[in-house]
Amino acid sequence: MKLYKTLLYVLMILPALLLQSCLKDQEDIFDTPSSIRMQEVLDNAKKVLTSSEEGWAFDYYPDRNLAYGGYAYTVKFDNQKVTVGSELAPGTFESSLYKLTNDNGPILSFDSYNTLMHYFATPSSAQYEGLDGDFEFIIMEVTDDLITLRGKRTGNTMYMHRLTKSAATYIENVYDICDNIIFSSANGTLGSSEISCAIDVDARQMDITYMNGGEALVGSGNFIPTETGIHFYTPVELNGATLTDLDYDIDTFTFSGKDSKGNAIAFVGVVGEDYARYNEFEGKYNLTYDRGTIEVTLVPDKENNRYLIQGLNENYNVVANYVKSKGYLNITSQKVADDGSLQIWLCGWSLDTGGNLTWDTNCGMYLVKDLEAEGTFNFVTNNYLDTPADSFIVWVLNGSASVGIASAPWLIYNNARLAYPRHIVKK
């Protein structure tokens, strides 16, 4: 009987002994408390974030449905502040505070207002969640050259890549790629098969149509612009293979790359026949209008994406802005000189609608490539609604008040009127 009681006692205390043993084993696995381990994760994240001399390229994806695709950002961290850049405003950088904290996991939070970083997250009366962007991110993985994040609001996966060049150069390169995707459709080949492509630059989405056994199928993906082309958020499925990246040649409007099976893919954007590249306009011309011909020179000012027209008056040049989306030059109403307290303007002028003029800087005329005459560009109204310009006139303003028609030395070939300009012909 005594033996039975002893055995029963042993059986009763055995689970407790086993539990203590298991707890000790678990403590052996984690030698430090969870709070200390979390702090170690945050300290390591900060060490890596602040270690990059040039900062990080940040692939940012607002909206949980990826309605806007991805946007290129840069972030450079010191111990307290982050300096943010974005393709939204090339050349602009803004500093604000950030913090690394624990909120059921390691969090990187841009917790003081930053115009660029909070652009997609700032609410308005019409959109209480803004454009559904994130400014707090769960830290998923940290390596020396790549940091993987997940947006707390959207759940979108985002990446930071260590920069090896200046943030300004990186943003400029990305912007140049995106700014030169100026078409909405393209045609080309995938391997030996023909394909077509629809591109929504605003939504940053690409739909690629290909044939499979006589059936037209579509592979779709949201993308972010890169320094060399585009990168898809998730690989696009094409005929049993996937496509992750495409290079883009801005001079030939060509996307190219290879799918996961090594098949070459290339397609060329469809642009208007009268599309002229920027450098086509440079040179000396004869400008023809209703009173005769004027010799002018179009001088490139590529940094400002425009041309200077020299020869209309020795005291000033006229600016013609390059419209990349059309391949046109746009000459609009503009101030060309100051005369004491007065301003001299070249104004858009509408002779066909009664001689109305305006100094609204949207009014003017395009220079459009002539498809039938090489080296010739025709003047065409830019269809400003209030005053559809068909001519130009030199006018004098005093502040915002109209003074009247200009006189010497501001005239164009001894006349304030440049009536019915027809075309310029390269010499």
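Student: In this predicted model, how does the lining of the second largest pocket divide by class?
Tutor: The lining is mixed. Nonpolar residues number three and polar residues two. The charged class completes the lining of the second largest pocket, with four residues.

Student: Which strands each supply at least two residues of that lining?
Tutor: Start with the residues themselves. The lining of the second largest pocket includes A57 and D59, and also H161 and R162. A57 and D59 fall in the strand spanning 56-60, and H161 and R162 in the one spanning 157-162. The strands are β1 and β9.

Student: What is the volume of the second largest pocket?
Tutor: Its lining includes L163, T164, K165, Y170 and E227. The space there has a volume of about 170 Å³.

Student: Which helix gives the most to the lining of the largest pocket?
Tutor: The largest pocket has a volume of about 700 Å³. Of its 19 lining residues, the closest to the centre are D176, N180, K302, N305 and K324. One helix, residues 167-179, gives four residues to the lining. That helix is α3.

Student: How many charged residues are in the lining of the largest pocket?
Tutor: Take the other classes first. Seven residues are nonpolar and four are polar. The charged residues number eight.

Student: Which class makes up the lining of the largest cavity?
Tutor: The structure holds one cavity of 30 Å³ or more. The largest cavity has a volume of about 90 Å³. Its lining includes L287, I309, V318, F379 and F392. With no polar and no charged residues, the twelve in the lining are nonpolar.

Technical notes
Residues numbered from 1 in each chain as written. Predicted model: local features only at pLDDT ≥ 70, side-chain atom pairs only at ≥ 80, totals over all residues. Heavy atoms only, no water. 1 Å grid on protein atoms, 1.4 Å probe; cavity = no way out; pocket = protein on both sides within 12 Å on 5 of 7 lines; lining within 4 Å. Points joined across faces, edges and corners; volume = space filled by probe spheres on them. Nonpolar A, V, L, I, M, F, W, Y, C, P; charged D, E, K, R; others polar.
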